[in-house]
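Biologist: Got a minute? I'd like to go through this model with you, piece by piece.
Modeller: Sure, let's pull it up.

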Amino acid sequence: MTAKEFFNKFKSRHLWGNLLAMAAIIFLSSLGLKYGLDLYTRHGQSVEMPDIIHKTLDQAEEMLDSLDLNIEVSDTGYVKTLPPDCILEQSVPSGDVIKPDRTVYVKINAAHSPVRAIPDVVDNSSMRDAEYQLTSLGFKLGETEYVPGERDWVYGLKCRGRKVEEGDMVSTEDLLVLQVGDGRRNMGETLNYTDPKVDDDGWTDDDTEVRYSRPRAKKEEKRETKNNEQIGEHTARPEALAPVSKPSSPVPPVSTPTIKP
């Protein structure tokens with residue numbers, strides 16, 4: 001190809017038409033991108049976030065809708081003194097300047113206190129571990145109750161004066177009381193943690209909620225006293241212990257026969 005033929009190609013209408021079309025596409029794309037982004041991001045538009053804490057959910061929706069803002073419930077909590085559906089927290093602090101059409105996440109008050117399952121802490125963890133597990137689930141702990149046993153070992157868990165076990169559903173507003181060993185346990189004694197009941201000997205857990213197992217020594221003492229009384233009676237009357245002999249029957253004399261010569 002000669003130089004003349006090369007430069008003659010620049011005089012082609014098809015070439016300049018394609019170049020002009022490409023330039024127009026680039027120019028229009030730039031304009032669309034600029035104004036499209038401004039329109040999408042609402043450039044130059046802003047609203048001030050109102051304070052919706054302690055407002056009901058319906059009231060908060062009306063306030064945010066008037067500002068072209070959206071609201072969505074992300075979590076629930078419980079405050080006894082506030083009504084249900086009351087706003088407890090908002091994701092955007094009041095007074096912040098934000099764009100319209102933004103979603104504000106809120107935390108509302110539940111109608112009743114949350115209920116959680118009791119974890120496996122009784123006779124399976126130390127006092128420190130049990131406190132960590134219970135508080136991490138949102139439970140409230142009352143004053144610790146110390147009982148005879150190994151030091152800082154959890155022997156029981158009570159709620160409203162009654163024993164609770166693993167898996168029981170308990171409100172997080174109720175106080176839980178840990179029954180922890182005080183380090184003064186006689187290893188020959190067995191501990192029995194029960195709800196208030198009356199047994200055959202008249203024991204009740206109202207007298208002592210955490211008591212030793214059935215006092216067999218008391219029964220053995222009664223049984224031994226009774227046996228001693230019976231033995232004393234036999235000792236006082238030795239004839240009662242002497243064997244009774246039967247009278248022997250008389251033996252008839254044996255006659256010797258006389259033999260005549």
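Modeller: One term before we start. Buried means under 20% relative accessible area. Also, keep in mind that this is a predicted model.

Biologist: Fine. Which residues of strand S9 are buried?
Modeller: Six of the six, residues 154-159. Each one falls under the 20% mark. So S9 is largely enclosed by the rest of the structure.

Biologist: How does S9 pair with S12?
Modeller: In the antiparallel sense, over five bridges. S12 covers residues 175-181.

Biologist: Which residue is the bridge partner of Leu157 there?
Modeller: Leu178, in S12.

Biologist: And how does S9 pair with S10?
Modeller: Antiparallel again, over two bridges. S10 is residues 162-163. Lys158 stands opposite Lys163 in that pairing.

Biologist: How many residues sit between S9 and S10?
Modeller: Two, and the two strands form a hairpin. Look at Arg160 in the turn: its phi is positive, about 55°.

Biologist: Back to Lys158. Buried or exposed?
Modeller: Buried. Lys158 has 12% relative accessibility, and the cut-off is 20%, so it counts as buried. It lies in strand S9.

Biologist: What does its side chain join up with?
Modeller: The side chain of Glu145. The two make a polar contact of 3.0 Å.

Biologist: What can you say about side chains along a strand in general?
Modeller: In a regular strand, they alternate between the two faces of the sheet.

Biologist: New topic: cysteines. How many disulfides are there?
Modeller: Zero, going by sulfur atoms within 2.5 Å of each other.

Biologist: Is Cys86 buried or exposed?
Modeller: Cys86 is buried, at 2% relative accessible area. Cys159 also counts as buried, with 10% relative accessibility.

Biologist: Let's zoom out. How many helices and strands does the protein chain have?
Modeller: Six helices and 14 strands.

Biologist: What share of the residues is buried?
Modeller: 22% of the 261 residues in the protein chain.

Biologist: How much area does the chain expose?
Modeller: About 19600 Å². Carbon and sulfur atoms supply 54% of that.

Biologist: And what share of the contacts joins residues 24 or more positions apart?
Modeller: 65%, taking the contacts in the protein chain with a separation of 6 or more.

Biologist: Now the sheet with S2 in it. What is the strand order?
Modeller: S2-S5-S3. It is an open sheet of three strands, and the pairing is mixed. The edge strands are S2 (70-77) and S3 (87-90), as each pairs on one side only.

Biologist: What is the twist from one strand to the next?
Modeller: It averages 35°.

Biologist: Which helix packs on that sheet?
Modeller: Helix H3, residues 57-66. It touches S2, S3 and S5. Its direction makes about 155° with that of S2.

Biologist: How do S2 and S5 pair?
Modeller: In the parallel sense, over seven bridges. S5 runs over residues 103-109. To pick out one spot, Thr76 stands opposite Ile108 in S5.

Biologist: Let's do loops. What is in the loop between H3 and S2?
Modeller: Asp68 has its place there. Its phi is near 60°, a positive value in a residue other than glycine. Asp68 is partly exposed, with a relative accessible area of 35%.

Biologist: And what about the loop between S4 and S5?
Modeller: Asp101 lies in that one; S4 is residues 97-98. Phi of Asp101 is near 70°, again positive in a residue other than glycine. At 44% relative accessibility, Asp101 counts as partly exposed.

Biologist: One more. Where does Ser113 lie?
Modeller: In the loop between S5 and S6, and S6 is residues 115-117.

Biologist: Is Ser113 buried or exposed?
Modeller: Buried. Its relative accessible area is 13%, which is under 20%, so Ser113 meets the cut-off.

Biologist: What does Ser113 touch?
Modeller: Tyr78, Ser171 and Glu173, not counting residues up to four places away in sequence. With Ser171 there is also a polar contact of 2.5 Å between the side chains.

Biologist: Great, that's my list done.

How values were computed
Residues are numbered from 1 along each chain as its sequence is written. This is a predicted model: local features need pLDDT of at least 70, side-chain atom pairs count only at pLDDT 80 or more; totals for chains, interfaces and linings use all residues. Side-chain values use heavy atoms; hydrogens and water are left out. Buried means under 20% relative accessible area, exposed over 50%, partly exposed in between (1.4 Å probe, protein chains only). Helices (H or I, at least four residues) and strands (E, at least two) are DSSP runs, numbered from the N terminus. Two strands pair if DSSP finds at least two bridges between them. Contact means heavy atoms within 4.5 Å. Accessible areas come from the Shrake-Rupley method with a 1.4 Å probe; for residues, only the protein chains shown count as cover. Axes are lines fitted to C-alpha atoms, for helices over the stretch in contact, and angles run from 0 to 180 degrees between N-to-C directions. A polar contact is a pair of N or O atoms within 3.5 Å; within protein, one must be able to donate a hydrogen and the other to accept it, and residues adjacent in sequence count only if both atoms are side-chain atoms.
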